[in-house]
Structures are given as structure tokens and as C-alpha cells.
Amino acid sequence: MFNKVLIANRGEIAIRAMRACRELGVPTVAVYSEADKNALFAKYADEAYLIGPAPSSQSYLNMDAIINVAKESGADGIHPGYGFLSENAVFAKKCEDNGIIFIGPSSSSIEQMGSKIAARTAMKKAGIPVVPGTEDPIESVDEAIKVANSIGYPVIIKSSAGGGGIGMKVVHSKEEFDHALSAIKSVAESAFGDSTVFIEKYVEEPRHIEFQILADKYGNTVYVSDRECSIQRRHQKLIEEAPSPVMTPELRKEMGETAVKAAKAIGYENAGTVEFLYSKGDYYFLEVNTRLQVEHTITEMVTGIDLAKDQMHIACGDKLAYKQEDIKINGWAIECRINAEDPLNDFAPSPGKIKKYRSAGGPGVRVDSGVHVGYHISPYYDSMISKLSVWGRDRDEAIARMKRALYEYVVVGVTTNIPFHKAVLRHEAFRSGNLTTHFIDDYNILDDVKRVVEEDAEKGATLASALDDREHKVAAISAAVGAYVNAVKDSAKQ
Ligand code: ADP
């Protein structure tokens, strides 16, 4: 095992990795920006180092500063979390070159999967079904029209270096290409420093289904669980569940084995996710995410496997402790990403100070979070408040539990997307499991969100006012204690 691990990340995922370290008895090192000097993750670690100002480019993306802290503090491993440097092949290579173990796949796997075009080509070669489309970059509108004519509209233009739902545009007719191609190229250039784009068939009524995989250094690769991530806004996930409601044992075996084949085709090591689009019985490879994902919690809940700890074991050279047949799916888990964002204002981020906070709890509830009362959600970083995950014996129980947990959750001070989650969870179409990535539009969910917001306002946010009562009582007690102490002091003086 490691002597000491540096966590090159912030917020809830930094704490998640530190929790794994703590359970393994490994001391931790946090790196933080000026904006995060009072953040929980920086206090949670055994050691913490300031690495720069708030903008990520000067702190969480500053590779040399992070490597220097690792060396100075004697850390022999770096856990990158998700986002920031987690899928940066140059950083993984720098770790390798400095004799520090990057807790993730090799820099060459990251590099290969970092390009969607290279990933598509590698997968096609390995016999994995990919969405029909181009293997080569698209340079001109004429070329784009030719490809679209051959695969049929609608198509999607995608940035090869893209991620986080950024750098994609659906095109329904040839007239749209003029504007769409140059628009995506310039978004791709400014967001990823790479304007390479390609074209895929736009799969209709797709479901996003992905497989968690784990691979050790000795060729043992397993699929751990499937996850359905179809509830998305702007191609970004908001609610995930494990398993997928469409999964049968046969389909799980087939898609899971395809995911393992995909991982083996690129010599993948450590934890990763193979993403597919599923439509009308067919499935297509989408991409491999070469890191621990936000939604790993629900896989942990239905399998009992601790993915963060296993990442560390694998990185240290331990063999996987189980075989495919040992992995069983038990019950159902759902995750809601609780963000400081306003669903009724195009999901715009709503940074600010959390004035009151009480997370949900009780049976089957897991909250991964780095916030607390007084915490300031910074405009510099993503607007996640927490990941609320629940487990139930079956899907109905998991849904009921999530509804109950959302009812309990109190966040005052910033606008949150809790009403969005409540609206989805109570919708009959969600309950029926009949999901696609267009769920929000297909069912006019935002109208329901408006209703939830009104209802919550009418109910007077009962639990939040209970916190008020408690705060008043705490204030009254501390005033009484203060008065007593003063009285004692006064009498001692006399
Ligand atoms: P990113 O790397 O930005 O997350 P992905 O390729 O993983 O991009 O796609 C993100 C989401 O975009 C998918 O979950 C799906 O909703 C949508 N999407 C991507 N490609 C297609 C496609 N060919 N057809 C339909 N939807 C797609």
C-alpha cells in the first residue's frame, strides 16, 4: 500500500478519496486554492498545501505545483478524482516520470481514450459496435454533407477532444451545417484547444447506459455494474440509477462482456467506465471515461464493492480480490446530483453562501458532500453541493426512499435543483422506467418543477423552519450560559 497519497482535487470527490485512504490507514495530503482555504477537504486531510489562486488554471490544473507538493510531502501516490487533471495524459506521464504512482490508468490509455476519434477507431478494430459515423476528422461543409447523406439525418457533430457535454451539435438538414460546423469548431478550440470534429448518426430515443469496469495489472478485468444515466440536461447527467431498468441478466452479460473486451483492447488498467448509447434493442460504444465517475456511488451501493479503495489496491499492484462470478447486484440504487443551480433559469449556476443546511439521512441514504453551513459555493468551480444516493431492495423502494430523502434535505441560501429531482422522481414516466435522454423535454418536466417550487413555498419549507427553531434554542441556551458565566465571574470578584 501507499505511504502517503496526495489528492489532486477538491470538494466531495477529494473527501471520497481521503475516506478510502483513511480506511486503508494511508495518510493524506490535500492541495487547495486560495478560494478553498477553509473548505472541509483541506481540513480533512492530514496535511494541506496552498497551490495557488482560485482560477483552476493557476491551482488545480497547475501540474508542476502539485507534483512539487507530492515530492515535498513524501507522497508516493496521487489520486486525481474526476475533472481537473484526472484524464490528462501529460499529468499521468509527469507522475510516472517523477516516480509517483498515478492512481488511474496509464498515460497511454488516457491519451488514446482522450480522443473520441481514436477511441472509435480502436473500438471498431476490436469488433465493438460504434455509432455509424466518420473515422476521420471533418474539415469542410461539403465533406460533412456527404457523410450526413450517407448515414442519414439527423447527425451530431462532435468535438474529438470534447467532454462534459460540451462541443456537440445536432444537425437535422444540410442547411444547418454552414453555421453548426464552424460554431462547434470554435467551441472545441476554445474549450479544449483542439478544433478537430467528426460526425456520428444522432441515435433517436437513446438511453445512456454505462458499465463500470475494474482491471488489475495481471489481465483480470471485470464489469462491476451497469448504470442508467439517461436523465440529463445539456448532455450532462443529473440522475443515475443502478442497474438500468432495461437490463436483463442476458443483456447485462452481453454488454458487460463487450465493455470488458473494449477495456482489454486498449490494455486498460484500474477503474473506468465504458459508455454506450442504447436504442430499441441495439447498443453502440460511446466512449471510455478513464477515471472514477461522479456516479460510482450507486455501483458501490448495489455491489458492496469500494471502488475508491480498489483503485488504490490496483495502482499498488494488488490482484483483483474477486472474479466476475463473485460480483452480484443486490437491490437498486439511485443518485441525484444536488447542484446550486436554477432549473427554471436554464439550470444556471447559483453560487453563494449556504445559510442553513441539513442533509438527508436515515435507512439506505448516502450523502457525499464537501459543504456545511457558512460554506461559499464558489463561481470558480462546478456548482455541486452533494451527491444524494439511496439504496432500496427494489426500484420502487429506492424511488420512495429518494423522494423521502429529498423531502428531508434542507439547503437555504442558494437556489438548488432539489425541486427538479422531486419533479422527476414523482413522474409516472420515471416510475415506469421508460427513459430516454430527452426525458426533460418529452415530459415538460420544467412545468412540474414550477409546481413543486410553488408547493414547497406554500408548505413554508417546514423542515427549514425546524432548523430556525433549533437555531433560536441554541442561541437562547448560549445566551443563558453566557449570563450564568458572567454572574459566576461577578460573584467571584465580590
Ligand atoms: P461527453 O464526453 O461530452 O460526455 P458523450 O459522447 O459521452 O460526450 O455524450 C454525452 C451525451 O450526449 C450522451 O449521454 C447522449 O445523451 C448524447 N449523445 C452523444 N452522442 C450521441 C449520439 N450519437 N446520438 C444521440 N445522443 C448522443
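In this predicted model, five strands make up an open sheet, laid out in the order E3-E2-E1-E4-E5 and paired in parallel. The edges belong to strand E3 (47-52) and strand E5 (101-102); each of these has a single partner strand, so one side of each goes without a neighbour in the sheet. Further in, strand E1 (residues 5-7) runs parallel to strand E2 (residues 28-33), and 3 bridges join the two. One point of register here is leucine 6, whose bridge partner in E2 is valine 29.

Leucine 6 turns up again in the hydrophobic packing. The largest nonpolar core counts 82 residues, and Leu6, Phe41, Ile239, Ile385 and Phe420 are the ones that touch the most other members. Helix H3 (residues 63-73) is the top contributor to this core, with 6 residues. Domain 1 (5-103) and domain 3 (207-452) each supply at least three residues to this core. Apart from this core there is another one, made of 25 residues, including Ala122, Ile209, Tyr268 and Val288.

As for the overall layout, the chain splits into domain 1 (5-103), domain 2 (132-201) and domain 3 (207-452). Between the C-alpha centres of domain 1 and domain 3 there are 24 Å, and the contact involves 32 residues from domain 1 and 29 residues from domain 3.

Two of the well-connected core residues are worth placing in their surroundings. Isoleucine 385 falls within strand E21 (residues 384-392), which pairs with E19 in the antiparallel sense over 5 bridges. Leaving aside neighbours within four places in sequence, the contacts of isoleucine 385 include Ile338, Ala340, Ile354, Tyr357, Val371, Ile377, Val411 and Val414, and there are polar residues too, among them Asn339, Ser369 and Thr416. The partner strand, E19 (residues 365-369), is itself mostly covered, with 4 of its 5 residues buried. Along this pairing, aspartate 368 sits opposite lysine 387 of E21. The other residue, Phe420, is part of helix H13, where the buried residues also include charged and polar company such as Lys422 and His421 alongside Ile418, Pro419, Ala423, Val424 and Leu425. That leaves helix H13 (residues 418-425) mostly covered, with 8 of its 8 residues buried.

On to the ligand. Of the 23 residues around the ligand, the ones that come nearest are Lys116, Gly165, His208, Gln232 and Glu287. Several polar approaches can be picked out. A nitrogen atom of the ligand lies 2.8 Å from an N or O atom in the side chain of lysine 158. On the oxygen side, a polar side-chain atom of histidine 208 is 2.7 Å from an oxygen atom of the ligand, while glycine 164 brings a backbone N or O atom to 3.2 Å from an oxygen atom of the ligand.

Lysine 116 deserves a closer look. This lysine is found in helix H6 (residues 116-125). With a relative accessible area of 10%, lysine 116 counts as buried because that value is under the 20% cut-off. What does its side chain meet in polar contact? The side chain of glutamate 287 makes a polar contact with that of lysine 116, at 3.1 Å. Beyond neighbours within four places in sequence, lysine 116 is in contact with Lys158, Ser159, Ser160, Gly162, Phe198 and Glu287. Lys158 in that list is the residue whose side chain has an N or O atom 2.8 Å from a ligand nitrogen, and Glu287, like Lys116, is among the residues that come nearest to the ligand.

Technical notes:
Residues numbered from 1 in each chain as written. Predicted model: local features only at pLDDT ≥ 70, side-chain atom pairs only at ≥ 80, totals over all residues. Heavy atoms only, no water. Buried < 20%, exposed > 50% of the residue type's maximum accessible area, 1.4 Å probe, protein only. Pairing = 2+ DSSP bridges. Polar contact = N/O pair within 3.5 Å; in protein donor to acceptor, adjacent residues only side chain to side chain. Contact = heavy atoms within 4.5 Å. Core = buried A, V, L, I, M, F, W, Y, C linked by side-chain atoms within 4.5 Å. Domains from an automatic or database assignment. Near = heavy atom within 4 Å.
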